[in-house]
Amino acid sequence: MIFGTEKSLHDGSSSESLRSIVNTMMKCEDDLLDIKFDDLDLMRVVVYNAVDVENVVKKYSSYLKNTIDLLVCDEYAQLGAPNEVIDKIFDMICKAWAVPNCKLGYVLCNTLRDSGGLELLMNNCMSSDQSLQFSSARLLEQCLTTENREYVLDKGVEKVVNVVCEYKTQISSVDKLNVSAGILENLFKHTEIMCSDVIKLGGLDVLLYKGRNQDTETLKHCASALANLSLYGGPESQDKMIKRKVPTWLYTLAFNSDVNIKYYAFLAIVVLVTNKEDEVAAKNSRSPDPINPFVTTHTPTEFDESNMAPHSLGQSQKWLERLVPVLSSTREEACNLAAFHFCMEAGIKKQLGMTSVFKAINVIEPLKEVTRSGNTLASKLAAKTLKLIGEEVPHRNNQEKVPLWSVDDVHEWAKRIDFFEFAEYFSANLVDGDILLHINEDNLKYDIGMQNGLQRKRFMRELDNLKQSADYSSKDSTGLHSFLKSIDPMFDYSVYTYPMLNAGINMNTIRSLTADQLLNDCKITNTIHHPVILNAIKGMKLRESSSDKKTTDVFISYRRSNGSELASLIKVYLEIRGYQVFIDVLKLENGHFGNNLVNHLKQAKNFVLVLTQNSLDRCVGDNECNDWIHKEIVTAMQNQLNIIPIVVDDFTWPEMLPEDMRNLQTYDVVQWSHDIQDMCIDSIETAMHGDSSAVQEGTSDGLSSDLLTEVMAIPRSRVAPENRGPTIYG
């Protein structure tokens, strides 16, 4: 829990115990290095009365001020070496932050600044005395509160970044790496000016260089720092992140085994995607997003216990305010993660009695909008957030599944589009989602009683908008809605999706559609639209007939239950090396194998099959070829794709595979190991080309392999793949 194990002790004995410790401490002024901070340890698990707490705050503030005065005046000889004194202050600050509500930590940080200690630490960051420099930098990293960051920016941020850059290449010292990365994590959480200055001084380059290191704590700081930079940096810093290929680096970091590193990498990604929709979203659209699987497998109110929140208070008001726009992102995964984070923060702030922060950052209405959206996952998280902070949760129409709407859903939708007076008439006539999608102006006039012609036109406009945004996957898995939507940017022909589906038209039957059927069976009365739809169908058939050329390098097949992360990782690695890769995620939601998927398979040169534990078990006895992995394998074989099975350690072949895919066991496989990922990708490349000489050295977006080594921390050996990759088993 946020406060650990609490025990409230307000009796005289407990207060006396604390006073006794305080008095003892005050007698130790001549031997400050021997102080043990026992009272701070007690306060982590014991709740004392306000008077005793205030006494502790005064005592340590006085102790810190006196000690800083001695350091500034060079009168510390009787205390010990300056770095030893600073290390003692570091111990005190760390224990102060661990005290619930963090008041003591903030007071001591203010005291440090006001007594000249912060400036002393900044100057020591330029010191040639390595011990003094490290002790000062380590203490500084613990004291960079908002006020102290402003002080650093005003007095000379270059002094602080100096030590960060100096520690850049000291890979052997994990402590120095952690401290320098922690400093950047704090500096990037201030203002656009601070972020810009730190980048100019080399701070961003240091972060990317540290990605070479595999130390978990260092990578946590790096991921968090990049998340902060994406939130606080503004357009200028975000552009610099794009130019340095940070999004690509983040995608590889997002596959780290540490959950905190994953999480902050995800946060940085979704903020960049939201703030740079046109540029970054296009770059990242080539990568399957591992964010949704992460969100669905974690619970926000439990996730906050993993020490994600600095000093147990959660993120600051300014930090959260910058995350609000992500709730409105057009990228579903971005909205999902933002809703997840706000839900986690709601749990933290509720325990602390700080839920008023949500009103202060104006996030209540955006959260309510999310609950009314068609994004099921984000909607549930937003609703839970609103409940935690005591706000009303609005009724949610399942807009993504309009054909499945209930009468109540239609009633609420009518009210939401400002047709309050007719909402009851819809309910009285038992209008559900299916009937709503069939309604015309005559129904409105004679059945609902909407006599005003302008009202009817306004209602039909709203209904057309609903038809265009609805999800018809419950009625169709072949993609008719998407096809109609793509016909003409000037008019959305997807308004005809539902009547066409009810007439039996989908992407499997649309090729033989006639004008008479559009009019009589589909009830599309606008004859101007008939030739447009028919010409679009004709164009589709022409494209299909001339689609013999292979346009995709790799199609990746996997079992979602346990293979999605590895499939995603392989796709990212291959795309970094310049390959066009397709991975299907939509089929996993509707469970159907549509024509679009068949076309993607036919367009691929190579078929990479991720074989994880039990991934082929559903194929056993599947004589009708209903399982989608079974279908993909058979289709790949029928179209003579180059099939490359990727096997993980816990995979075993089923005893009896169906006849149409049994030959799969005769193919050479690549044994995957996370310890040598780059070598495994080399082996996949070798299998794709049939020989090692064909392995390409180019990378996507013109990114050289040397730059990838710098940014991605993925070393690329020039040794031939057969001499450096894992064994390919036949």
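**View 1. A salt bridge within helix α21 joins K349 and E345.** In this predicted model, K349 and E345 form a salt bridge in which the closest N and O atoms are 2.6 Å apart. Both residues belong to helix α21, which spans residues 332-352, and they are four residues apart, about one turn of the helix. K349 has a relative accessibility of 1% and therefore counts as buried; E345, also at 1% relative accessibility, counts as buried too. The cut-off behind this reading is a relative accessible area under 20%.

**View 2. A salt bridge within helix α3 joins D69 and K65.** The closest N and O atoms of D69 and K65 are 3.2 Å apart. Because the two residues are four residues apart in helix α3 (residues 50-72), D69 and K65 are separated by about one helical turn. D69, with a relative accessibility of 29%, counts as partly exposed, and K65, with a relative accessibility of 42%, likewise counts as partly exposed. The search of the whole structure that includes such pairs finds 25 salt bridges.

**View 3. R559 takes part in a salt bridge with D627 and also lies over the ring of W628.** The closest N and O atoms of D627 and R559 are 2.8 Å apart. This pair links distant parts of the chain, with D627 in the loop between β5 and α37 (628-638) and R559 in the loop between β3 and α34 (560-576), 68 residues apart. D627 and R559 are both buried. R559 is found over the face of W628 as well, at 5.4 Å from the ring centre.

**View 4. Four charged residues form a network of salt bridges.** The residues linked in this network are R577, D678, D682 and E685.

**View 5. The charged end of R138 sits over the ring of F90.** The distance from the charged end of R138 to the centre of the F90 ring is 3.9 Å.

**View 6. F422 and Y425 form a tilted aromatic pair in helix α26.** The count of aromatic pairs in the model comes to 22. In the pair formed by F422 and Y425, the ring centres are 6.2 Å apart and the planes stand at 45°, so the pair is tilted. The two residues are three residues apart in helix α26 (residues 420-428) and are therefore separated by about one helical turn. F422, at 7% relative accessibility, counts as buried, whereas Y425, with a relative accessible area of 45%, is partly exposed.

**View 7. F555 and F607 form a stacked aromatic pair between two strands.** The ring centres of F555 and F607 are 5.9 Å apart and their planes stand at 15°, so the pair is stacked. F555 lies in strand β3 (residues 552-557) and F607 in strand β5 (residues 604-611), so this pair ties together parts that are 52 residues apart in sequence. Both F555 and F607 are buried.

**View 8. Ring pairs join seven aromatic residues into a cluster.** The cluster consists of W405, W413, F419, F422, Y425, F426 and F459. It includes F422 and Y425, the tilted pair shown in View 6.

**View 9. Helix α15 is mostly covered.** In this helix, which spans residues 246-253, eight of the eight residues are buried. The buried residues are V246, P247, T248, W249, L250, Y251, T252 and L253.

**View 10. The whole chain gives the setting for the close-up views.** The protein chain contains 40 helices and eight strands, and buried residues make up 53% of its 730 residues. Of the contacts in the chain with a separation of 6 or more, 72% are between residues 24 or more positions apart. The accessible surface of the chain comes to about 31,800 Å², of which 48% belongs to carbon and sulfur atoms.

**View 11. Confidence varies along the predicted chain.** The mean pLDDT of the protein chain is 80, and 81% of its residues reach 70 or more. Over residues 1-15 the pLDDT is below 50, and this stretch has 28 contacts in the model beyond near neighbours in sequence. The pLDDT is also below 50 over residues 586-593, a stretch that has 15 contacts in the model beyond near neighbours in sequence.

Conventions
Residues numbered from 1 in each chain as written. Predicted model: local features only at pLDDT ≥ 70, side-chain atom pairs only at ≥ 80, totals over all residues. Heavy atoms only, no water. Phe/Tyr/Trp six-rings, centres within 6.5 Å; stacked < 30°, edge-to-face > 60°. Buried < 20%, exposed > 50% of the residue type's maximum accessible area, 1.4 Å probe, protein only. Lys NZ or Arg CZ within 6 Å of the ring centre and 35° of its normal. Contact = heavy atoms within 4.5 Å. Areas by Shrake-Rupley, 256 points an atom, 1.4 Å probe, with all protein chains shown as cover. Salt bridge = Lys/Arg side-chain N within 4 Å of Asp/Glu carboxyl O. pLDDT = per-residue confidence, 0-100.
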